[in-house]
Structures are given as structure tokens and as C-alpha cells.
Amino acid sequence: MVDSKSLEDLFYDECSKAGNNGLTTTDFLSVHKECDPKDTALAMNALLTKGYIEVFQVRGELIYKALKKEDVGKAGALHGEEQVVYNTIRSSGNEGIWTKHLKSKTNLHEAVIKRCLRALEQKALVKAIKSVKHPTRKLYMLMELTPSVEVTGGPWFTDQELDVDFVEQLTHQCYKYILMKSFPRDPSCIFTSSHNAYPSAAAVRKYIMEKRISQVELSVDDITMLLDVLIYDGKVERFIAQVDEDWDDEDMDTESDWVYKAVRDKKAESAWQDCPCGVCPVADFCTESGPVNPAGCTYYSKWLDF
Amino acid sequence: MIQHNIAVYAEAQERNRIVTYYEANRAELLHRALIPKVLIYSQKWFEREGEAIASTILAHGKLTVVECLKDIQLNTKSSTLVSGRSEAQRVLAIKKTFTRMVKEKCLIAVKPSDSLTAADKDMADEKRETDKMTLPPTAAELANIRAGLEAQKSKDQNSSIVGLKRTLDSSEFDDFDGDKRRRLMTDGDLVIVEEVESDVYFKINFERFIIRWRNMQIACLYETRLNPTARKIINTILKLAEERMINIKEDFSSPINSILLQNSLPTDINLVDTLEFDPQELGPSNTKPRAGECLEKYLQILEEDQMQILKKDAGRSGQYIISLKAASRILKKSLIQDIVATRFGSPYVRIMNMLLEKGKLEEKQISRFSMMPVKDVREKLTTLCTYGILNLQEVPKTNDRAPSRTFYLWEVLLPRAADSLVDRLYHTMANLRQRRFVEKAKRAVLLEKCERSDVKDDENLLNAAERKELETLNSVLEMLEVQEMRVADMAVTLKEL
């Protein structure tokens with residue numbers, strides 16, 4: 001006969017061994033035949049109230065999972081609804097969970113959830129965050145976790161908003177760097193087609209990080225996003241680098257074969273926009289005999305005023 | 001109007017009488033906005049005589065060389081003497097220039113059938129073919145006939161150019177006229193009164209001017225992307241190929257040999273110094289290769305350029321062709337980009353380019369790829385859509401077509417965007433012209449006074465205020481006219497290329 005205290009320990013250990021797959025009562029009893037099912041049930045109940053194990057229902061069977069001891073310390077101090085809420089939040093990981101989903105998962109009343117969340121926040125166990133994807137939703141996650149990239153939007157977001165200035169500045173720096181590498185110093189000269197020093201995304205990243213232009217750590221993917229924007233702006237072009245055997249081993253840090261070449265900066269000019277019609281906000285209503293017409297147009301008068 | 005090629009007619013038998021219908025020749029009408037530019041470039045390409053010929057022909061619609069010469073002499077009697085050349089020399093120069101302009105297809109012979117409506121001509125040709133058959137033609141046979149006629153038409157377009165060239169090579173002017181006449185006589189459809197005259201009539205060939213302007217634009221693309229040397233090379237290739245260009249819509253230019261190219265390059269071209277070699281490419285001697293090799297290098301650079309306009313002719317080495325279709329697309333695209341950038345700003349161009357490259361995208365994807373907040377993107381998309389640059393495609397997920405369960409996909413259709421911009425450009429041109437009339441009408445009294453014969457002789461009859469007003473009017477008119485010309489130029493790029 002095992003006493004209740006050691007039975008609890010035993011069950012907890014077995015659960016920990018089972019890991020993520022969990023453990024059923026039948027599994028436990030088949031291994032430890034000496035244990036009485038009734039005592040086991042009592043031990044399990046005790047563990048559940050203390051928050052050492054979690055219970056799930058899979059295909060009609062109850063499965064028990066052990067929790068880490070350090071997590072238990074916090075959850076164990078909680079009781080009843082608070083614990084349920086805490087556990088649900090914890091299971092959402094670094095993605096966070098929306099209050100509405102919390103409600104549907106726990107089956108608790110909204111008022112109860114609100115009360116629990118307030119209590120948990122006071123104890124500094126959970127925190128509220130905002131998602132970039134759904135700016136109006138309030139998500140909760142454990143205090144010690146940092147929100148995932150999905151939630152924060154990566155380095156481009158500050159306070160859940162796209163940092164347009166930061167992006168613009170960085171793209172401009174990238175362009176300047178690529179431009180410098182794309183043409184010889186003499187503006188009337190061009191490189192021959194065997195020239196192969198055009199920068200890759202990794203090279204641009206290296207430059208940006210070395211020059212300390214960005215305070216935030218940027219990955220090659222982040223830089224590629226910026227370079228894509230430059231492509232859409234028509235400022236750089238992308239092509240597959242020429243493979244030159246002699247030079248191959250020198251640039252081992254280039255992961256992709258894409259290299260970037262700048263297009264010479266050209267000011268967009270359009271003769272049409274030099275006259276008022278090209279920029280006229282009411283051009284769609286302008287007719288010969290209508291209230292807006294070229295004969296009485298004030299934009300024209302201003303334009304033709306010498 | 002028929003004299004000026006801006007109206008065409010068709011005759012039809014209705015009961016027992018023949019009825020004539022008239023139609024405006026829209027293409028020719030719209031080309032009239034380009035007249036100032038045609039005159040400028042006639043002078044650039046064919047000197048003073050060229051401009052005189054072009055303006056005389058434009059004033060009359062179509063003319064024979066004799067009439068043209070007479071008219072020029074009549075109008076510039078006094079000024080010829082000033083230039084210090086004898087009358088005979090001048091006549092010779094004009095005749096020579098006229099020949100050159102015909103040879104370079106800036107002037108084109110007018111056929112009697114040119115005044116008939118194109119659709120009617122096609123129908124008549126078709127009828128002639130079907131009349132030969134005993135039974136009414138089947139759909140397949142009809143299609144066959146149409147294809148045959150179409151091929152014949154383009155062949156005629158080709159051969160008449162070749163024929164013209166051959167006769168011109170024998171260089172005697174009278175001979176050429178006679179030859180031309182004989183060719184026309186055998187055409188067999190001399191119906192119009194004007195053609196009873198023994199000489200051939202010529203008109204300005206706007207299409208050739210547009211081809212040349214387009215070629216210049218293509219070469220300029222390379223100057224901005226690479227350097228002036230690249231422009232000169234492309235320019236030379238296009239000049240060599242120009243003779244064989246038939247119309248604006250061709251896909252490729254005729255192949256040009258690299259040796260021929262090398263011999264035809266302008267003398268001031270700098271091939272060697274404008275290339276920057278990598279040290280390992282130069283080798284230990286560290287000397288740059290000679291011009292011939294540098295030209296090869298240049299051609300390689302041009303061929304590998306992302307625009308992909310210059311191509312090697314498949315199967316033949318050392319032959320280069322220019323993809324005119326790709327070039328036209330790039331010209332159109334960059335013009336639209338410039339318009340969007342100056343009208344709205346560069347973020348709009350970013351969205352446009354992205355959609356051009358990726359096809360159809362949703363608002364959220366656009367926001368993510370362009371790194372702009374969704375609310376800004378939404379506003380920009382709507383603006384561009386009302387402007388006619390973007391298209392919106394709805395894809396409902398369910399049958400009820402509820403907006404919340406529908407994908408909204410945006411895309412750019414370049415031809416459609418060009419069409420909508422051309423509409424707006426013509427609107428602007430009309431506005432500019434109307435304003436020109438208004439400005440003149442406002443000062444009608446003053447203008448009337450200026451036209452009086454005593455005022456014409458003695459400018460002092462105008463007081464200071466009147467003179468100032470006249471000056472203002474002239475600068476206003478100049479502004480409006482120049483602007484109209486520039487807008488017309490943009491319309492040509494979007495519409496004709």
C-alpha cells in the first residue's frame with residue numbers, strides 16, 4: 001500500500017515521462033498494479049487542484065499531462081476559475097489569446113473572465129498585448145513571454161503600426177549602397193557584363209548592420225522585403241548572379257543567387273502635369289458648356305498670368 | 001477635306017441612283033495635332049528645303065512635285081535672293097530634297113483608292129473574289145479569302161516601297177515620275193478626278209515620322225539606363241533597320257550585322273573609355289582592348305540588359321534585331337509611370353509596378369509587399385482605380401456574393417490604362433485649344449486693329465497698352481500651343497506604339 005503523498009509523486013513522475021502524449025489512468029494502473037484505483041483517483045484530484053497536471057479529453061478518454069515544476073509554482077497558488085483562465089492563456093503560447101476566444105474555450109461567464117484577468121494582471125502573471133493583424137483585439141499572454149513576429153509584425157512595426165519613416169530611410173540607404181556598387185565612379189562609364197560585384201541581399205544586410213543604420217537586428221528576409229520594395233519602385237533590378245568559379249569560395253555568406261543592380265536615378269517628368277488639366281481635381285466634370293469649363297477656368301487664368 | 005486626307009467616301013448603288021457617303025478619317029485627323037513637330041523635324045532631317053516642302057504639302061493636303069515647287073517659289077520669291085543662291089540651284093535643291101523625303105518614306109504617294117473608306121475597299125475586294133465562285137462561299141472559304149487578301153495587302157505595302165526605291169536609284173526625276181505613273185495606271189482603279197492629272201500626288205507620311213520618333217525614344221531609354229555611348233549604338237542599329245520598317249506595329253526590326261554596325265557608328269563615339277573593366281578581366285598587361293572588341297562588349301551588355309530589347313537573331317551569328325514590341329511596351333509603361341508619379345506620387349507607382357509584376361493581388365497582400373499601412377493602400381487603390389489605371393476583380397467565395405465573403409483582387413491592364421489616359425490626354429488637348437480660342441476672342445478688337453492695313457504698315461499706330469496686350473496674348477498663345485503639342489506627343493506614345 002502506497003500512501004497518498006507518494007502516490008501523487010508517482011503519478012506525477014509517470015506523467016512527466018509520458019511527456020506531450022499524456023497518460024491515461026489505464027496506462028498508469030497497468031504499470032503500477034499495486035495501486036488502488038480509488039486512491040489513484042484521489043491523488044489525481046489532489047494534483048489537479050494543486051495544478052501539477054492537466055486533463056484533456058481525447059476520443060472519450062481522459063488524458064493527463066504533467067506540467068513543469070516552475071510553472072506550477074505560479075498556477076498552483078491560483079484557485080478555481082483563475083487557474084482555468086491562466087492555463088488557457090498559457091496554452092496559447094507566444095501567439096496570445098483573444099478574450100472572446102478565451103471565453104469560448106473556458107466556458108466561463110464574461111464577468112468572471114474579466115475578474116480573473118484583472119486578478120492575474122495584478123499578480124503580474126499575464127499581460128495584455130495588441131496584434132498587428134487585428135489592432136482592435138486585446139490579446140493576453142504570459143508575462144514572461146515575448147510576443148511572436150506574427151503578433152508584433154516584425155522589425156517594421158512600432159506600437160502595432162508600420163513605421164513608415166523607418167522603412168523609407170532604410171530603403172533609401174539600401175538604394176544608395178546598391179547604386180554605389182552598380183556603376184563606376186565616372187557617371188559616363190558602365191561596367192562590362194562580366195562584372196560580378198553586384199551586391200546580394202546578404203551583402204546589403206552586412207552593410208546596413210555594419211554602418212549601424214538600423215538599431216534593430218534585421219534578418220536577410222527583412223532586407224529582401226526592403227529590396228523588393230525598391231524593385232517595385234523601379235529603382236533596382238534583380239537578376240541571378242553569374243557563377244564564376246574563381247570567385248565562388250570568397251562569398252560564402254551569400255545564400256541566395258539573386259543580386260541587385262541599381263537603375264540610374266531619373267526624375268519622373270510628365271509634360272501633361274505642367275498644365276492645370278494634368279493635375280485638375282475636377283477634370284472629370286469639365287465640359288465645354290458645363291459649369292466647369294476651359295473658358296472660365298481659374299486654374300488656367302493663374303497658369304497663364306504673366 | 002478629301003484633299004487634306006481627312007475625309008474618305010464610299011459609293012453605293014441604292015435603287016437606281018448612286019449615293020455617296022462620307023466618313024471622317026480619324027487617324028489622319030488626330031495626326032494633325034503633330035503638324036508643328038513634323039515641321040520641326042523636317043527641318044532637322046532635310047534642312048530648310050525639307051521644312052518648306054513639308055509646310056507646302058501640309059497646306060495643300062497633297063501635291064505633285066511640280067506644284068509643290070511652284071508654290072514654294074511663289075511664297076519665297078524675295079527671300080531666295082537674300083540667301084545668295086540662284087533660282088536654278090534652289091529648284092535643284094528642292095527637287096533633290098523632295099526625292100530624298102520620298103526615298104526615306106517621309107512623303108508617300110497618294111493612290112486614288114486612298115480616298116475610299118477602308119472597309120468599303122475590303123468589301124469590294126472580297127466581293128470580287130466571291131463573284132468568281134459558282135456557289136456562295138462557306139465560312140471556311142470566306143475566312144480563307146480574307147486571309148489571302150490580307151496577305152496580298154501587306155505584300156503590296158512591302159513591294160511598293162521596294163519598287164519606289166528601285167526607280168529612285170536610277171535618279172532621274174522625270175523618269176521616276178513616269179514610272180510611278182505607269183505603276184498607278186496598271187492599278188486599274190483611277191476613279192478620282194485629281195488622278196486624271198498626269199503627275200503623282202504626295203502627302204506627308206505621319207507614320208514614318210512616328211516610327212522615327214519612336215526609334216529616338218528607344219535609343220534615349222539606353223542613355224538614361226546606361227550611357228550616351230549605348231544610346232548611339234542603339235540609334236545606329238535602328239537607323240540601319242529603319243529603311244525596312246513598314247509600320248509601327250511590327251514586332252521586330254530587320255537583322256543588322258555587327259560589322260555593318262561597326263562601320264556605320266558615328267565618328268565621335270567613345271567605345272573604349274566608357275567601359276570599366278574588372279582588373280582580372282584585363283589580365284596582367286592592364287590595357288584596355290581595342291574599339292572593335294569594346295563594341296562586342298557593348299553589344300553583350302545591351303543584350304543582357306533587363307529591358308531585353310536588343311536580341312541576337314536566332315540561328316545567325318553577329319546579327320542583331322530589336323524587339324520593337326518590347327520596346328513599345330517599355331516606352332508606354334514608363335510614360336504611364338511618369339504620369340502616375342507626377343500626378344500622385346511615387347508610392348502609387350510602387351503599387352502599380354507590383355501589380356504589373358505579380359498579376360492580381362488583394363489589398364492586404366499589396367499592403368504587405370509594398371510595406372505601406374492598409375488604410376493608405378486602400379485609399380491609393382481607389383484613387384488609381386477611378387483614374388483608370390487599376391482594375392478590380394471580384395471573386396465571391398459563396399453563391400450569395402456577400403461582400404464579406406468575397407475576394408477583391410486588383411490588377412493593372414496596361415492597354416486599358418493607356419486607353420483611359422489617352423482619353424484624358426485628348427480631353428486636355430481639347431481644353432487647351434478651346435482656351436486658345438477664348439484668349440483670342442477676348443482680344444478680338446485688338447486683333448482686328450492689328451489686321452488693318454495701315455496698322456500693318458506702321459506699328460506706331462498701336463499705343464503702349466495695346467502693344468503690351470499683344471505681347472501678353474502672344475506669350476499666352478505660345479504657352480497653350482506648346483503645351484498642346486507636348487500632350488499630343490504623349491498621346492502618340494500611348495496610342496500609336
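**Group meeting: chains A and B of a predicted model**

Okay, let's start with chain A, which has 14 helices and ten strands. Its radius of gyration is 32 Å, while the globule rule gives 19 Å for 306 residues, so chain A is more spread out than a compact globule. Before I go on, please keep in mind that this is a predicted model.

If you prefer a box to a radius, the C-alpha atoms of chain A fill one of roughly 105 × 70 × 35 Å along the principal axes. How much of chain A is buried? Of its 306 residues, 24% are. And for the contact-map people: take the contacts in chain A between residues at least 6 apart in sequence, and 55% of those join residues at least 24 apart.

Next, where the two chains meet. Chain A puts 43 residues into the contact and chain B puts in 48. Which elements of chain A give two or more residues to that side? They are strand 7 (161–162), strand 8 (190–191), helix 11 (220–232), strand 9 (236–240) and helix 13 (276–279) of chain A. Helix 11 of chain A gives the most, with four residues. Sorted by class, the side of chain A that touches chain B has 25 nonpolar residues, nine polar and nine charged.

There's also strand pairing across the chains. Strand 8 of chain A pairs with strand 6 of chain B, residues 275–276, in the parallel sense and over two bridges. If you want to find it on screen, go to Ile190(A), whose bridge partner in strand 6 of chain B is Leu275(B).

While we're on chain A, have a look at Cys286(A). It sits in the loop between helix 13 and helix 14 (298–303) of chain A. Is Cys286(A) buried or exposed? Neither, quite: it has 18 other C-beta atoms within 10 Å, and buried would take 20 or more, so Cys286(A) counts as partly exposed. Leaving out residues up to four places away in sequence, Cys286(A) touches Cys280(A), Val292(A), Asn293(A) and Pro294(A), plus Asn431(B) from the other chain. Another cysteine to check is Cys297(A), eleven residues along the chain from Cys286(A), with 9.3 Å between the two C-alpha atoms.

Over to chain B. The chain is divided into domain 1 (19–119 + 160–204), domain 2 (209–322), domain 3 (327–412) and domain 4 (418–495). Domain 1 and domain 4 of chain B are in contact, with four residues from domain 1 and six residues from domain 4. On the domain 1 side, that's three nonpolar residues, no polar ones and one charged.

Chain B also has an open sheet of three strands, in the order 5-8-7 with antiparallel pairing. Strand 5 (256–257) and strand 7 (310–312) of chain B are the edge strands, each pairing on one side only. Strand 7 and strand 8 (residues 319–322) of chain B are joined by three bridges, and Lys311(B) has Ile321(B) as its bridge partner in strand 8.

Last stop, the annotation. An unreviewed UniProt entry lists residues 336–412 of chain B as "domain: DNA-directed RNA polymerase III subunit RPC3 winged-helix". In the model, that span is 56% helix and 21% strand, and its end C-alpha atoms lie 11 Å apart.

That's it from me; over to you.

Definitions and conventions. Residues are numbered from 1 along each chain as its sequence is written. Chains are lettered from A and ligands numbered from 1 in the order in which they are written. This is a predicted model: local features need pLDDT of at least 70, side-chain atom pairs count only at pLDDT 80 or more; totals for chains, interfaces and linings use all residues. UniProt positions are given in the numbering used here, feature names are shortened, and annotations may be inferred rather than shown by experiment. Two residues are in contact if their C-beta atoms, placed from the backbone, lie within 7 Å. Ala, Val, Leu, Ile, Met, Phe, Trp, Tyr, Cys and Pro count as nonpolar, Asp, Glu, Lys and Arg as charged, and the others, Gly among them, as polar. Two strands pair if DSSP finds at least two bridges between them. Domain bounds come from an automatic or database domain assignment. The radius of gyration is taken over C-alpha atoms; the globule rule is 2.2 Å times the number of residues to the power 0.38. A residue is buried if 20 or more other C-beta atoms lie within 10 Å of its own, exposed if 12 or fewer, and partly exposed in between; C-beta atoms are placed from the backbone.
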